[in-house]
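Visitor: Hi, could you walk me through this structure? I am new to reading these, so please take it slowly.

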Amino acid sequence: MSDTSKEQNNTNLERRDLLKGLATVPIAGVFLVNLWRKMSRDRAKKANLLSNLIQKKSAPAAIKSMANSRHLNIGIIGYGGRGSHLVRGAGFATKGWTDTVSENARKNKLDKQFETFMTQEDLNCSLIGVCDLFDVNAELGLNASQNDVRPGGKPKATATRYRHYKDLLADDDIDAVIIATPDHWHSRISIDAAKAGKHVYCEKGMTRTFDEAIDVYDAVKETGITFQLGHQNRQVEANEKAKEIIDQGLLGPINLVEIATNRNSPWGAWVWGIHPEGNEKTIDWDTFQEPSPNKIPFGEEALKRFFRWRCWYDYGTGLSGDLLSHDFDAINQMMDIGIPKYASSTGGVYFYKDGRDVPDVWNATFEYPDKDLTLLYSATLSSMNPRGNRIMGHDASMQMGGQSGGGSIHGFVVTADEQSTQYKERLESGMINPNYPIYTYSPGSKDIDGVTSATSRYFANKGLLYTYREGKRVDPTHLHIKDWLESIRDGSMPRCNIDVAFHEAVACAMATESYLTGRRIEWDPVNRKLI
Amino acid sequence: MSELDSSIKNNQYQFYGLVVLRVLIGWHLLYEGISKLINPYWSSAAYLLDSKWIFSGLAKTIVSNPTLLTISDYANMYGLTLVGVSLLLGLFSRYGSIVGMGFVLSYYLFAPPLLGLEYGKPNEGSYLIVNKNLIEACALWVLYAFPTSQIIGLDRFFSNQEKN
């Protein structure tokens, strides 16, 4: 072989080497081109949806430090199940509770209850008064005021027990009271507290009757105290996001909203345990039933009524004040619907035939002729079907979570309607597919993603995806108490102030009245009367 | 055994079959990695939370610890991307194969389709004990055992072996 042909051969070999070594590089090029195309497509798809959706980005709630704020002394009236949760929201839990949840956290690393409580902000307040008609609960309340295991460390002061709420209100050191008694006491205590100059956090439903709602409204307005109704959904970010979407008209005209309660357990139907230490000596039964229309002597029936009061109209309003009120308020928060013109409701005691007089299946409709809107509430205590709440617009529907009582905590999805006018072109061009959500909100997520995978949609609906991402969960009840205390200090209006609380109270009272009288109830806003 | 048997090297069907397998798996893992990198909301938490069988305890530990979860997220995002590049371009492909096998096998082990285990996440196919993760892990083992990057791939430039 000549030198030239050898060289030629070597060059050929080198070229072959090079070609073989780089043989798959063009495939990487094809990959990159397709990646770029896919990314631009997704970007276009997102931009197309989000350009409409995110006109207003809500800034994260400003965290004001409470350390240098005015110290407030609070009292709790009614330290039962809900009362103890509210007091925990203010930063005070019993030793028994902190022991149990810290033990739970040790056993199960995903149980964040203890961490959530301990990382709550210190609200710079003390629990100095406890009033409960059941001795055991009153003692627990005192215990909570003394427990060092809390955000902020050792409490600055501890609580005194008062037998009657009037004695607690007479304590000049108390600035504000949390009322978590059964509903039949709400109005009297709220009004007396307002007159005594105490700020009020009152659990929902605001009152047992319509007349009481008027009286509480007037008392709060006359005295100028800071009143917060216990709808912690007002603090839930999902509801704020939903409001932004609705305000921007992305659902189109909305003529029907469906809200629902589905529960299917004795606990969910308020068949709660009768405390073994509950007896004539430990329960002040006469005071308990003082405002109720029907009185019975202390005995087995009275014990049942004391611990399961939600089952009787003498003390509450059943599904109306207990569960409809939450979902009604959530819709009022998102859509500012206010008080309906008409309400009617029907139902019955169909499953829990245990002597209760409040229905366990109950459906109510609320008409808003001036808003071209019907609000439909449907509840059953004998099926867990996860209907969730649905806001049905001409252009898109919003489906919110599964569980009753604040289902939206688990996020929501918005899906375009295939007959939508607003999205007609995008539906035709395939940019929007009516079978898939155009918008998915997952709790904890900082932004909204229009292009989600099946997996993230699944987890978004379960509310799991971002719960641990930031490593911190916050209890909306804590935020709601915080909002109230902040408003007391700076004179601003809390999120569930007396004006919106009054909407809830009147709407629920109208539906209850309709069930009890079998008539359609009309609201007369001029004379503030039910017709 | 770091070199391909000459009988396979000389058999075009067998040899290019292996190259195609390497490139396809490389493509798949590269996109798995990049799609996670470009999604600001991606987290391994969702997958780990649904874990069943012997590693479910470890999965919970990872999810409940923000540092471990961050490590897991980054390991998956960058690990898969690098393994994908390695297989696709034929660069350090033997390491790529074995590391890739580790990743894919761990996906199998964290959520294997065994009898009696049910998952919240919807499946795209029907699996009994064997699923695509297990098969892909096995395919990566094959690629480890039958390396092709020294002939087709950037590894060729680092190789002293007899070239074809």
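Guide: We will go from the overall make-up of the chain to its domains, and then to two groups of strands.

Visitor: Sounds good, so what am I looking at, and how many helices and strands are there in chain A?

Guide: This is a predicted model, and in chain A there are 17 helices along with 16 strands.

Visitor: And what share of chain A is buried?
Guide: Of the 531 residues in chain A, 45% are buried. As for contacts, if you take those in chain A with a separation of 6 or more, 72% of them are between residues 24 or more positions apart.

Visitor: Which domains is chain A divided into?
Guide: Domain 1 covers 72-234 + 479-496, while domain 2 covers 238-473 + 509-530. Taken over C-alpha atoms, the centres of these two domains of chain A are separated by 24 Å.

Visitor: How many residues of domain 1 are in contact with domain 2?
Guide: In chain A, 24 residues of domain 1 are in contact with 31 residues of domain 2. On the domain 1 side that touches domain 2, helix H6 (135-146), helix H8 (183-195) and helix H9 (210-223) of chain A each supply at least two residues.

Visitor: Which helix gives the most there?
Guide: That is H8(A), which gives 4 residues to the side of domain 1 that touches domain 2. Sorted by class, that side of domain 1 has 9 nonpolar, 8 polar and 7 charged residues.

Visitor: Let's switch to sheets. Which strands form the open sheet, and in what order?
Guide: The open sheet is formed by 6 strands of chain A in the order E3-E2-E1-E4-E5-E6, and the pairing is parallel. Its edge strands are strand E3 (160-162) and strand E6 (227-229) of chain A, each of which pairs on one side only. From one strand to the next, the twist averages 20 degrees.

Visitor: Can you zoom in on one pair, say E4 and E5?
Guide: Strand E4 (residues 176-179) and strand E5 (residues 199-202) of chain A pair in the parallel sense over 4 bridges, and within that pairing A:Val177 stands opposite A:Val200 in E5(A). H8(A), the helix from before, packs on the sheet and touches E1, E4 and E5 of chain A, with its direction making about 160 degrees with that of E5(A).

Visitor: What does helix H3 lie across?
Guide: Helix H3 (residues 81-89) of chain A lies across strand E1 (72-77), strand E2 (125-131) and E4 of chain A, and it runs at about 140 degrees to E4(A).

Visitor: New topic, then: is strand E12 mostly covered or exposed?
Guide: Strand E12 (residues 396-400) of chain A is mostly covered, with 5 of its 5 residues buried. Both of its faces are covered, since you find A:Ala396, A:Met398 and A:Met400 buried on one side, and A:Ser397 and A:Gln399 buried on the other.

Visitor: What does E12 pair with?
Guide: Strand E11 (residues 389-393) of chain A pairs with E12(A) in the antiparallel sense over 4 bridges, and a hairpin joins E11(A) to E12(A) through 2 residues. In this pairing, A:Asn389 stands opposite A:Met400 in E12(A). E12(A) also pairs in the antiparallel sense with strand E13 (residues 412-416) of chain A, over 5 bridges. There, A:Ser397 stands opposite A:Thr415 in E13(A), and A:Met398 stands opposite A:Val414 in E13(A).

Visitor: And how many residues of E13 are buried?
Guide: E13(A) is mostly covered too, as 4 of its 5 residues are buried. Going one strand further, E13(A) is joined by 4 bridges to strand E14 (residues 437-441) of chain A, and the two run antiparallel, with A:Val413 standing opposite A:Thr440 in E14(A).

Technical notes: Residues numbered from 1 in each chain as written. Chains lettered and ligands numbered in written order. Predicted model: local features only at pLDDT ≥ 70, side-chain atom pairs only at ≥ 80, totals over all residues. Buried ≥ 20, exposed ≤ 12 C-beta atoms within 10 Å, placed from the backbone. Contact = placed C-beta atoms within 7 Å. Pairing = 2+ DSSP bridges. Domains from an automatic or database assignment. Nonpolar A, V, L, I, M, F, W, Y, C, P; charged D, E, K, R; others polar. Axes fitted to C-alpha atoms, helices over the stretch in contact; angles between N-to-C directions.
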